[in-house]
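Biologist: I am new to this structure. Could you take me through it by way of a few questions?

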Amino acid sequence: MLKELNQVIEYIEDHLTEDLSLESIAQYAGVSDYHFRTVFFHLSGMTLNEYVKNRKLSEANKDLLNGEKVTDVAFKYGYQSVDGFTRAFKKWCDCLPSDVIKKKISKSFPKLTFIITVKGGISMEWRIEDKQAFNLVGVSKRVPMQFEGVNQEIVKLAQSITEEQRKEMRTLQNMEPCEIVNASYHADENFLKEEGELTHLIGVLTTETEVSDQLDKVPVEACTWAVFPNEGPFPATLQETMAKTYSEWLPSSDYEIIQAPTFSFTKMDENKEGYAYSEIWLPVRKK
């Protein structure tokens, strides 16, 4: 994964003045666009879109210092108008492009390099499970792609589930983990637009194939899963574990993520307020 991430960084550097399409970037990633963006975010602390924008503006700053005209620099880095470039540059640098030329103001955003840093000495519990083909069955909808915070559209989805739907899900459920799961898949195929969407499903795992019209069914092929149990204050512990799977475990493991839904479940502790046991299931294969 680190090799692929650094290849993508180099590709971006070589094409900062061009249109960075999904097809041209995806060949370096080796995983689905959503998983790659998630790995990138948890390792770098920013979205891929933010990184590309910062790198373009940093190089634009250099060009302005070298005497290039504002108009030329704006169109060189893909802005449709000088006004659009000026607004983006001022927000980034807190000064106008013309100030850079007149006052020689300089701001830089260096190219990233991904490396593994061993720190903390805190062990991370995980296990590998092989699972036969199954169906994810439940209620789903397209929701905004969001890497941080509570996704309100997922909250609304959970609130929309009827008692009839819950009853059918309980009847169909016949595979471990025998819990209500949250699954994500089919992310919009565009690396550079964080406003894209993905499909989120709340439901169960089953080997049954007959499902009523009131539920959605997503076939999942037989594959291997990396499972990450976690227990503690909710949702902080779950979110921290998710971040560590992408930022620490995945880059240093012998596994890579494959194209299949990722899912998780949470069981609240009845005796401890705000405390829960959760598991995160990632579809993987040996490198």
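Modeller: Lys 244 has a relative accessible area of 23%. This is a predicted model.

Biologist: Is Lys 244 buried, partly exposed or exposed?

Modeller: Buried means under 20% relative accessible area and exposed means over 50%. Lys 244 has 23%, so Lys 244 counts as partly exposed.

Biologist: Which residue forms a salt bridge with Lys 244?

Modeller: The partner lies with Lys 244 in helix H10 (residues 236-252), 4 residues apart, about one turn of the helix. The closest N and O atoms of the pair are 3.4 Å apart. The partner is partly exposed, with a relative accessible area of 44%, and is Glu 240.

Biologist: Where in the chain is the residue that forms a salt bridge with Lys 111?

Modeller: Lys 111 pairs with Glu 10, the closest N and O atoms being 2.6 Å apart. Lys 111 is in the loop between helix H7 (97-103) and strand E1 (127-131). Glu 10 is 101 residues away, in helix H1 (residues 2-14).

Biologist: Is Glu 59, which forms a salt bridge with Lys 62, buried or exposed?

Modeller: Glu 59 and Lys 62 are 3 residues apart in helix H4, so about one helical turn separates them. Lys 62 is partly exposed at 44% relative accessibility. Glu 59 has a relative accessible area of 17%, which means that Glu 59 is buried.

Biologist: Which helix gives the most to the largest nonpolar core?

Modeller: That core has 41 residues, and Leu 64 is one of those with the most contacts inside it. Leu 64 touches residues including Phe 85 and Phe 89. The helix that gives the most, with 6 residues, is H4 (residues 48-65).

Conventions
Residues are numbered from 1 along each chain as its sequence is written. This is a predicted model: local features need pLDDT of at least 70, side-chain atom pairs count only at pLDDT 80 or more; totals for chains, interfaces and linings use all residues. Side-chain values use heavy atoms; hydrogens and water are left out. A nonpolar core is a set of buried Ala, Val, Leu, Ile, Met, Phe, Trp, Tyr and Cys residues joined through side-chain atoms within 4.5 Å. Buried means under 20% relative accessible area, exposed over 50%, partly exposed in between (1.4 Å probe, protein chains only). Helices (H or I, at least four residues) and strands (E, at least two) are DSSP runs, numbered from the N terminus. Contact means heavy atoms within 4.5 Å. A salt bridge is a side-chain nitrogen of Lys or Arg within 4 Å of a carboxyl oxygen of Asp or Glu. Lists of a residue's contacts leave out its neighbours within four places in sequence.
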